[in-house]
Amino acid sequence: MATARIVPLKALVNGVSPWNPLSRVLRLRSRPLYSAVRDYSAAISPPSKAVVYDQHGSPDVVTRVTELPPVEIKDNDVCVRMLAAPINPSDINRIEGVYPVRPPLPAVGGYEGVGEVHAIGSAVKGLSPGDWVIPSPPSSGTWQTYVVKEQSVWQKVDKSTPMEYAATVIVNPLTALRMLEDFIALKSGDTIVQNGATSIVGQCVIQLARLRGIHSINIIRDRAGSDEAKAHLKQLGADEVYTESQLEVKNVRGLLGNIPEPVLGFNCVGGNAASLILKFLKQGGTMVTYGGMSKKPITVSTSAFIFKASLKHLTFMFFP
């Protein structure tokens with residue numbers, strides 16, 4: 001789930017699928033169809049190339065690249081030329097029709113990204129053509145070259161920010177931050193445990209925890225390249241990294257050494273991977289579920305219900 005190579009929009013237009021598993025960020029830095037508008041005379045946006053779907057289903061089947069007509073730029077609107085937008089798992093789930101919050105069809109893909117202000121309406125203050133902006137909170141339809149929305153949608157960001165960071169700062173890093181701050185008053189020396197540790201949220205959790213002196217126990221899938229993944233997570237600051245098969249033991253506490261039992265766990269996988277979180281948790285600990293990538297129900301053992309009282313502390317966190 002880590003960010004990989006950038007997909008130029010030109011490649012998408014020429015028929016290269018955006019759903020290559022190695023591709024996680026769409027770079028939309030195509031040549032502007034029109035030069036940036038720096039006065040209030042413009043009433044419409046340029047035409048926009050967009051990744052569109054008319055029905056739900058497999059992304060490589062239902063999506064298509066098409067040209068959308070110009071859009072009226074009203075007084076409070078900002079026309080943004082998108083520079084880059086990530087492909088998040090939730091984007092795929094929306095196209096598939098399995099995500100709880102979905103835009104009406106037909107829809108343009110994407111939910112976050114970074115763009116450059118192309119033109120502004122006559123009532124817009126504080127933004128100028130050339131500024132970099134991100135949709136905050138996230139807003140659907142970022143997989144296109146030009147987006148027209150009200151100024152309230154857009155948040156200005158420093159243009160010195162690396163493009164890939166600006167395009168991905170909203171969904172995953174802030175999810176990690178909120179989970180570390182909103183459920184338990186963690187202090188230096190505490191421990192958290194998480195599955196899906198190689199995801200962008202997981203990697204952000206590791207780094208934020210390290211900065212706060214919090215230990216992290218991390219669980220990853222058994223797969224080719226797991227040793228390299230472990231080494232990468234250790235470099236980010238992970239205390240321990242285990243594959244799921246390594247945890248097929250009765251007492252995982254023996255794996256902790258001098259690390260305290262975790263008081264907080266993060267589950268984004270579901271199924272048996274969720275039960276591994278509960279095996280590590282301290283009695284009375286809290287497990288936060290923020291995803292279900294396995295598309296399987298959370299499995300909780302009887303002993304966890306009785307002796308760890310996990311049901312009382314089980315928390316489900318939903319991010320649109």
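This passage describes the overall make-up of a predicted protein model and then looks at helix 6, its surroundings and several individual residues.

The protein holds 10 helices and 18 strands. Of its 320 residues, 48% count as buried. The accessible surface comes to about 15,400 Å², and carbon and sulfur atoms account for 54% of that area. When contacts with a separation of 6 or more are considered, 69% of them join residues 24 or more positions apart.

Helix 6 is a good place to begin a closer look. This helix runs over residues 200-211, and its 12 residues should span 16 Å at 1.5 Å a residue; the end C-alpha atoms are 17 Å apart, which agrees. Its buried residues are Val-201, Gly-202, Gln-203, Cys-204, Val-205, Ile-206 and Ala-209. The cover over these buried residues includes two helices, helix 5 (171-182) and helix 7 (226-236), together with strand 11 (191-194), strand 12 (215-220) and strand 14 (264-267). Just after helix 6, Gly-213 adopts a positive phi of about 75°.

The pairing of helix 6 with helix 7 can be described in some detail. Two packed helices are described by the angle between their axes and the distance between the axes. For helix 6 and helix 7, the angle is about 35° and the axes are 9 Å apart. On the helix 6 side, the residues that take part are Gln-203, Ile-206, Gln-207 and Arg-210, and they meet His-232, Leu-233, Gln-235 and Leu-236 of helix 7. By type, the residues of this contact divide into three nonpolar, four polar and one charged. The spacing of the helix 6 positions can be read against a general rule. An α-helix has 3.6 residues a turn, so residues three or four places apart point the same way.

Helix 6 also takes part in the nonpolar interior. The largest nonpolar core has 18 residues, and those touching the most other members are Met-179, Leu-186, Ile-192, Val-205, Leu-264 and Phe-266. Helix 5, helix 6 and strand 14 are the elements that give two or more residues to this core. The most comes from helix 6, with four residues. A second, separate core of 16 residues includes Val-193, Leu-247, Val-252 and Leu-281.

Ile-192 shows what the surroundings of a core member look like. Leaving out residues up to four places away in sequence, Ile-192 touches Leu-180, Leu-186, Val-205, Ile-214, His-215, Ser-216, Ile-217, Pro-262, Leu-264 and Phe-266. One of these partners, Pro-262, sits in the loop between strand 13 (240-243) and strand 14. Although placed in a loop, Pro-262 counts as buried because its relative accessibility is 0%, under the 20% cut-off. Apart from neighbours within four places in sequence, Pro-262 is in contact with Thr-191, Ile-192, Val-193, Ile-217, Leu-256, Phe-280, Leu-281 and Lys-282. Pro-262 and Ile-214 are 48 residues apart along the chain, with their C-alpha atoms separated by 9.9 Å.

Two other prolines follow cis peptide bonds. The bond from Leu-105 to Pro-106 is cis, with omega near -5°, and Pro-106 lies in the loop between helix 3 (89-96) and strand 6 (107-108). The bond from Ser-136 to Pro-137 is likewise cis, with omega near 0°. Pro-137 belongs to the loop between strand 8 and strand 9 (146-150).

Helix 3 has its own buried residues, namely Ser-90, Asp-91, Asn-93, Arg-94 and Ile-95. These pack against strand 3 (48-53), helix 2 (59-62), strand 4 (63-68) and strand 5 (77-86). Just after helix 3, Gly-97 takes a positive phi of about 90°.

Two further residues round out the picture. Thr-168 lies in helix 4, which covers residues 163-168, and its relative accessible area of 18% makes Thr-168 buried. Outside the residues up to four places away in sequence, Thr-168 touches Pro-86, Glu-112 and Pro-173. Ser-122 is found in the loop between strand 7 (114-120) and strand 8 (132-135). With 39% relative accessibility, Ser-122 counts as partly exposed. Ser-122 and Lys-74 lie 48 residues apart in sequence, and their C-alpha atoms are 7.8 Å apart in space.

Note on methods: Residues are numbered from 1 along each chain as its sequence is written. This is a predicted model: local features need pLDDT of at least 70, side-chain atom pairs count only at pLDDT 80 or more; totals for chains, interfaces and linings use all residues. Side-chain values use heavy atoms; hydrogens and water are left out. The expected span of a helix is 1.5 Å times one less than its number of residues. Buried means under 20% relative accessible area, exposed over 50%, partly exposed in between (1.4 Å probe, protein chains only). Contact means heavy atoms within 4.5 Å. Accessible areas come from the Shrake-Rupley method with a 1.4 Å probe; for residues, only the protein chains shown count as cover. Axes are lines fitted to C-alpha atoms, for helices over the stretch in contact, and angles run from 0 to 180 degrees between N-to-C directions. Ala, Val, Leu, Ile, Met, Phe, Trp, Tyr, Cys and Pro count as nonpolar, Asp, Glu, Lys and Arg as charged, and the others, Gly among them, as polar. A nonpolar core is a set of buried Ala, Val, Leu, Ile, Met, Phe, Trp, Tyr and Cys residues joined through side-chain atoms within 4.5 Å.
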